[in-house]
Amino acid sequence: MARLRTGDAVSALFMKTQFGSDLKAVAAVQYPFMSTVAISFRRSIAATARHNPLAATGVVLVVIFVIFALFAPWIAPQDPAAIDLPARLDTPSHAHWFGADELGRDILSRIIYGARISMLVGSCVVAASLALGLIIGSIAGYYGGGIDRFVNVVLMNAFLSFPGILLAIAFVAFRGPGIFNLVLALSLGGWVGYARLVRGQVLAAREREFVEAARALGASDLRIIVRHILPNIIQPVIVQAAIGMAGAILAEATMSFLGLGVPPPTASWGAMLNDGRAHLFDAPHLVLFPALAVMLAVLSFNFIGDALRDYLDPRSRIEAGL
């Protein structure tokens with residue numbers, strides 16, 4: 001081992017002497033497999049971006065919104081709750097790039113902080129709905145019979161008979177505004193779509209040969225579902241989650257617009273739209289920029305969901321040349 005390490009050190013020193021400070025060339029010679037994988041990964045990303053520029057645009061926008069959400073205190077030019085009445089309803093300028101609202105608060109700073117609420121609520125709603133949908137859909141699809149009939153006919157149809165946003169409004173009106181109550185309200189009806197998708201996939205997968213083999217070897221139902229069925233049906237669920245993220249962001253903006261989101265003075269895109277609708281004609285920038293933020297966030301996740309659907313479908317990949 002010592003001799004091998006000494007040889008590697010001598011080889012690395014020789015390569016450094018030959019290539020100078022070009023560590024990429026040294027890594028390519030020392031670890032050709034890693035270099036090949038990295039090159040292949042870069043080419044795959046470039047090919048995907050070239051064949052689907054909308055997906056690349058969506059990824060860039062999502063990264064920007066995530067950066068806004070994580071580093072809002074360092075990115076925002078001003079305090080989003082700071083009131084400056086002399087700057088009330090100012091148009092976009094060097095002092096306020098996106099203008100100021102009816103209380104003189106900087107709109108750009110409030111949009112950056114509003115990305116925190118949208119990303120947090122959207123991701124929590126999708127995670128909670130997905131977890132609940134996976135559990136209920138897997139149980140209904142795997143066991144079938146009376147359990148499946150009860151879940152599919154009674155439980156799911158009962159939730160689908162009411163509009164999801166109406167259930168959320170009623171829940172928040174009863175419990176009061178707040179992030180936790182908002183996530184619970186939006187998850188209350190959001191799990192049904194995931195449960196129906198998972199149920200259909202599990203119904204098709206439970207009769208496959210690998211499931212029968214695991215059952216014949218004495219594997220428990222939990223192990224069969226978790227280790228054998230779910231990994232083979234996760235692709236459409238991921239696509240549904242990406243598209244559901246767009247719906248969750250739009251639902252959060254709707255609830256905030258109705259005054260049932262996070263309480264003021266916390267910045268939220270929907271609350272900004274509600275505050276600016278009274279000045280739609282004399283100060284349209286109060287509505288324009290928050291609406292543009294909501295639109296870009298929803299479009300970006302829709303682009304990513306469509307790209308994932310095409311990428312995970314082998315036939316679509318062949319047609320696209322990927």
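What span should the 16 residues of helix 7 have at 1.5 Å a residue, and how far apart are its end C-alpha atoms? The expected span is 22 Å and the end C-alpha atoms are 21 Å apart, which agrees. That expectation is 1.5 Å times one less than the number of residues. Helices here are DSSP runs of H or I of at least four residues, numbered from the N terminus.

Before I go on, some ground rules. This is a predicted model, where local features need pLDDT of at least 70 and side-chain atom pairs count only at pLDDT 80 or more, while totals for chains, interfaces and linings use all residues. Residues are numbered from 1 along each chain as its sequence is written, and side-chain values use heavy atoms, with hydrogens and water left out.

Back to helix 7, residues 145–160. There is a bend of about 30° at Val-151, taken as the angle between axes fitted to the seven residues ending there and the seven starting there. Val-151 is also one of the buried residues of this helix, together with Asp-148, Asn-152 and Met-156. Buried means under 20% relative accessible area, exposed over 50%, and partly exposed in between, with a 1.4 Å probe and protein chains only. The cover over these residues includes helix 6 (107–143) and helix 9 (179–205), judged by contact, that is, heavy atoms within 4.5 Å.

Now Asp-148. Its partner in a salt bridge is Arg-199, with the closest N and O atoms 2.6 Å apart. A salt bridge is a side-chain nitrogen of Lys or Arg within 4 Å of a carboxyl oxygen of Asp or Glu. This pair joins distant parts of the chain, since Asp-148 lies in helix 7 and Arg-199 in helix 9, 51 residues apart. Asp-148 counts as buried because its relative accessibility is 11%; Arg-199, at 17%, is buried too.

How many salt bridges does a search of the whole structure find? It finds six. Among them, Glu-102 pairs with Arg-105 at 3.9 Å between the closest N and O atoms. Glu-102 has a relative accessible area of 16%, so it is buried, and Arg-105 is buried at 7%. Asp-101 joins these two in a network of salt bridges. Arg-206 and Glu-207 also meet in a salt bridge, 3.4 Å from N to O.

Last, a location outside any patch discussion: Ile-75 sits in helix 5. At 32% relative accessibility, Ile-75 counts as partly exposed.

Key
Helix = DSSP H or I, 4+ residues; strand = E, 2+ residues; numbered from the N terminus.
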